[in-house]
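Here are my notes for your first look at this model. Keep the structure open as you read, and find each residue as it comes up.

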Amino acid sequence: MAESAPDRLPTPSLGRRMACWLYEGMLLFGVVFVAGYLFSSLTQTRHALQNRHALQAFIFVVCGIYFTWFWSKGQTLAMKTWHLRITDRNGQPLTQARALIRYLLSWLWFLPALAISAALNVTGSAALSVWVLWAGVWMLAARFGPDRQFLHDRIAGTRIVTTAGTGSAAGASPTENRPT
């Protein structure tokens with residue numbers, strides 16, 4: 001089937017990926033809320049600053065499990081909604097190891113901005129400004145990259161592709177599924 005060849009699957013626009021990312025953040029809020037509640041119940045944490053670093057590590061692991069699991073299946077719920085799929089460079093589903101590598105590398109979105117903020121000793125809205133500038137650089141690198149993939153995808157050997165219009169059940173547009 002020539003339509004499913006990796007070079008035929010188009011890269012979604014940056015706007016589409018960012019809309020999916022925003023939706024993913026809303027869905028992840030529920031995951032983080034439940035994980036935080038579970039952590040505080042199990043550790044009997046009564047104050048927000050108690051066990052703060054342990055909670056952060058727990059949330060990091062929970063998010064890693066969430067993304068690794070769904071990416072190895074091909075897409076998260078937000079990706080299904082926006083008709084996006086994650087594949088390796090050959091168009092194949094990710095292994096859990098590759099999905100984990102992608103998760104760890106995706107922190108490149110945040111860690112440099114956090115390091116810059118710490119080095120400049122900025123907090124609050126100034127730290128947010130540093131992250132926004134860093135994210136802008138990150139998006140420009142994807143926009144002008146050879147395959148329009150983010151740096152962490154290029155390093156991990158993964159691709160975000162659009163499934164809309166490929167004829168697959170998950171990627172079919174609503175007009176393609178309408179009875180005639």
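1. How many of the five residues of strand 1 (residues 84–88) are buried? Four of the five are buried, so the strand is mostly covered, given that buried means under 20% relative accessible area. Bear in mind throughout that this is a predicted model.

2. Now look for the partner of strand 1. Strand 2 (residues 158–162) runs antiparallel to strand 1, and five bridges join the two. To see one bridge, start at Thr87: its partner in strand 2 is Arg159.

3. Strand 2 is mostly covered as well: five of its five residues are buried. Check where they point. Thr158, Ile160 and Thr162 point one way, while Arg159 and Val161 point the other way. This fits a general pattern: in a regular strand the side chains alternate between the two faces of the sheet. Here, the residues on both sides are buried.

4. Stay in strand 2 and pick out Thr162. Is Thr162 buried or exposed? Its relative accessibility is 8%, so Thr162 counts as buried. The Thr162 side chain reaches the backbone oxygen of His83 at 3.3 Å. Beyond its sequence neighbours up to four places away, Thr162 touches Leu9, Pro10, Pro12, Arg16, His83 and Leu84.

5. Compare another threonine. Thr43 belongs to helix 1. At 34% relative accessibility, Thr43 counts as partly exposed, because the partly exposed class runs between 20% and 50%. The side chain of Thr43 reaches a backbone oxygen, that of Phe39, at 2.7 Å. Thr43 and Ala54 are eleven residues apart in sequence, and their C-alpha atoms are 9.9 Å apart in space.

6. Next, the largest nonpolar core. It has 17 residues, and Phe67, Trp71, Met79 and Ile86 touch the most other members. At least two residues come from each of helix 1 (14–43), helix 2 (52–73), helix 3 (77–81), strand 1 and helix 4. Which element gives the largest share of this core? Helix 2 does, with six residues.

7. Ile86 deserves a closer look. Leaving out residues up to four places away in sequence, Ile86 touches Trp71, Gly74, Met79, Leu94, Arg102, Asp153, Thr158, Arg159 and Ile160. Trace these contacts on the model one by one.

8. Another core lies apart from the largest one. This other core has nine residues, among them Trp109, Ala113, Trp131 and Phe150.

9. Turn to the rings. The model has 16 aromatic pairs. One of them joins Trp109 and Trp138: the centres are 5.8 Å apart, and the planes meet at 55°, a tilted pair. Where do the two rings sit? Trp109 is in the loop between helix 4 (96–106) and helix 5 (111–120), and Trp138 is in helix 6 (residues 125–143). The pair links distant parts of the chain, 29 residues apart. Trp109 counts as buried because its relative accessibility is 5%. Trp138, at 6%, counts as buried too.

10. Finally, check two arginines that lie over rings. Which ring face does Arg17 lie over? Arg17 lies over the face of Phe150, at 4.8 Å from the ring centre. Arg143 lies over the face of Phe144, at 5.9 Å from the ring centre. Phe150 is also one of the residues of the nine-residue core.

Terms used. Residues are numbered from 1 along each chain as its sequence is written. This is a predicted model: local features need pLDDT of at least 70, side-chain atom pairs count only at pLDDT 80 or more; totals for chains, interfaces and linings use all residues. Side-chain values use heavy atoms; hydrogens and water are left out. Rings of Phe, Tyr and Trp (its six-membered ring) pair if their centres lie within 6.5 Å; planes under 30 degrees apart count as stacked, over 60 as edge-to-face and the rest as tilted. Buried means under 20% relative accessible area, exposed over 50%, partly exposed in between (1.4 Å probe, protein chains only). A charge sits over a ring if NZ of Lys or CZ of Arg is within 6 Å of the ring centre and within 35 degrees of the ring normal. Two strands pair if DSSP finds at least two bridges between them. A nonpolar core is a set of buried Ala, Val, Leu, Ile, Met, Phe, Trp, Tyr and Cys residues joined through side-chain atoms within 4.5 Å. Contact means heavy atoms within 4.5 Å. A polar contact is a pair of N or O atoms within 3.5 Å; within protein, one must be able to donate a hydrogen and the other to accept it, and residues adjacent in sequence count only if both atoms are side-chain atoms.
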